[in-house]
Amino acid sequence: MAASVAPLARSSKTESYVDNKRKDDIRLANIVAARAVADAVRTSLGPKGMDKMISTASGEVIITNDGATILNKMEVLQPAAKMLVELSKSQDVVAGDGTTTVVVIAGALLKQCLLLLSHGIHPTIISDSLHKASIKAVDVLTAMAVPVELSDRESLIKSASTSLNSKVVSQYSTLLAPLAVDAVLFVVDPAKPDLVDLRDVKIVKKLGGTVDDTELVKGLVFDKKVSHSAGGPTRMENAKIAVIQFQISPPKTDIEQSIVVSDYTQMDRILKEERNYILGMIKKIKATGCNVLLIQKSILRDAVTDLSLHYLAKAKILVIKDVERDDIEFITKTLNCLPIANIEHFRVEKLGFADCVEEVSLGDGKIVKITGIKDMGRTTTVLVRGSNQLVLDEAERSLHDALCVVRCLVNKRFLIAGGGAPEIELSRQLGAWAKVLQGMESYCVRSFAEALEVIPYTLSENAGLNPITIVTELRNRHAQGEINAGINVRKGQITNILEENVVQPLLVSTSAITLATECVRMILKIDDIVTVR
């Protein structure tokens with residue numbers, strides 16, 4: 001009886017009755033939906049994590065371990081759950097690795113928030129305390145970090161191989177990690193040492209062989225063959241390379257037209273003119289000593305005709321046609337030449353020089369390699385091989401993650417232990433800090449600290465160990481002052497993770513925590529969903 005009277009008693013004092021039921025329902029629905037997404041990727045965390053097979057509507061199959069890729073391909077309808085997808089995307093942009101970690105942390109934080117909300121703590125208070133705790137967490141992590149120099153190649157390779165160990169291609173990490181490190185260090189510009197543009201590392205995928213055959217090419221690789229139509233050369237020493245954006249074919253008028261030729265002599269004249277036109281172009285090209293042509297794909301008309309290919313072959317010029325428009329910038333940067341947009345501007349200054357341009361057979365296809373480039377720009381090409389398309393795509397994604405890890409280290413030169421060590425340490429220090437705080441804040445910070453234990457818990461769970469014993473033992477070790485104690489998944493026990501070479505960049509951990517906290521705070525603040533038709 002008392003329960004039904006209570007609202008009336010309250011309303012007589014304040015003359016109003018506020019119904020909070022709907023707000024709680026919406027918040028609950030949001031949190032449940034977002035946690036469902038987090039649980040979906042939780043099993044793929046860590047070196048022993050499972051892979052997901054994604055079947056798209058178009059029937060293509062993707063096998064991947066990368067949190068960002070999994071969430072990207074998932075059809076998520078609930079708006080709050082979409083925020084988690086965006087969260088892993090933003091982690092991919094900032095750090096490139098740790099995309100699964102960030103979603104798992106967000107899921108754990110949401111679980112703790114549900115508990116706090118059910119205790120009647122106001123969402124704004126929870127939100128503010130989470131913010132404070134995340135700032136404190138970043139400070140703790142920074143204090144734990146070990147500085148690293150770019151000249152210390154070993155450390156960079158360790159962190160890249162840690163990133164690769166959780167991927168499908170983990171058995172090739174000894175090959176891919178040094179490759180990623182060399183690629184990034186080659187691209188770093190001494191003038192701007194903190195900036196690495198990963199667009200300068202081009203990844204060319206070629207089916208056939210195994211991942212072991214992956215190589216780093218100091219030069220250019222085209223996944224095309226030289227045009228053979230008229231028996232032109234397929235190998236050229238001391239190449240002078242021109243990148244052209246015009247067409248070597250008879251001109252067309254700008255309007256739709258049809259010419260009716262009734263007389264044979266006129267017909268011959270047309271053909272003769274065409275021939276002279278093309279010959280004139282090729283003479284201009286030959287005059288500069290150019291002997292390799294890269295021809296951009298053309299939309300308006302054929303970039304080259306059989307006739308022009310025949311003349312180019314006679315002039316001993318190697319032709320690579322159908323170069324993609326997007327690649328032009330990369331090619332000109334690598335060759336240190338300028339794209340030529342008109343035959344009138346064809347000059348020696350605009351050419352690029354290389355020792356050798358040749359066609360190489362690889363697997364079932366052929367590729368063109370340009371090596372020994374003079375005054376080469378700071379770019380590099382990675383030729384990835386794989387036995388099937390799924391492995392190839394996954395190798396490319398894993399390589400991208402490894403490149404991002406090295407890029408993080410270039411941007412912020414600090415390393416931190418992996419294997420759940422930093423999370424447990426954070427959990428311990430924030431737990432101690434919570435005891436100093438007063439009121440509700442202390443509760444919220446303690447929950448934040450508990451939530452971080454999800455990472456070591458999941459790591460050990462995915463490895464088939466007993467999570468509760470492992471996490472308890474970890475806490476014990478950290479309480480004794482072993483900051484770098486973490487889960488060694490290979491041995492199934494707790495060891496000093498830094499000595500086991502399991503390291504990650506500081507940027508990955510800090511951005512994971514700040515981004516996850518930000519996302520959770522946003523979900524907490526939402527109390528209603530309004531659909532606009």
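Cys-290 is buried in this predicted model, with a relative accessible area of 0%. Does that cysteine sit close enough to a partner to bond, or too far? Its sulfur is too far for a bond, because the closest cysteine sulfur, in Cys-337, is 10 Å away, whereas a disulfide needs the two sulfur atoms within 2.5 Å. Cys-444 is in no disulfide either, as the nearest cysteine sulfur, that of Cys-113, is 8.1 Å away. Cys-444 is buried too, with a relative accessible area of 1%. In the structure as a whole, you will find zero disulfides.

Both Cys-444 and Cys-113 turn up again if you look around Ile-126. Setting aside neighbours within four places in sequence, Ile-126 is in contact with these two cysteines and with Leu-116, Leu-117, Ile-121 and Leu-524. Ile-126 also belongs to the largest nonpolar core, which has 65 residues. Along with Leu-84, Leu-130, Phe-448, Ile-513 and Val-520, Ile-126 is one of the residues with the most contacts inside that core. Helix α5, residues 99-118, gives the most to this core, contributing 10 residues. Another core lies apart from it, with 34 residues that include Val-184, Leu-198, Val-384 and Val-503. In general, nonpolar side chains of soluble globular proteins tend to be buried together.

Now let's turn to a sheet. Three strands form an open sheet in the order β4-β13-β5, with mixed pairing. At the edges are β4 (201-207) and β5 (215-217), each of which pairs on one side only. Neighbouring strands here are turned by 25° against each other on average, direction ignored. To follow one pairing in detail, start at Val-201, which stands opposite Thr-380 in β13. Strand β13 covers residues 380-386 and pairs with β4 in the parallel sense, over seven bridges.

Conventions: Residues numbered from 1 in each chain as written. Predicted model: local features only at pLDDT ≥ 70, side-chain atom pairs only at ≥ 80, totals over all residues. Heavy atoms only, no water. Buried < 20%, exposed > 50% of the residue type's maximum accessible area, 1.4 Å probe, protein only. Core = buried A, V, L, I, M, F, W, Y, C linked by side-chain atoms within 4.5 Å. Helix = DSSP H or I, 4+ residues; strand = E, 2+ residues; numbered from the N terminus. Contact = heavy atoms within 4.5 Å. Pairing = 2+ DSSP bridges. Axes fitted to C-alpha atoms, helices over the stretch in contact; angles between N-to-C directions.
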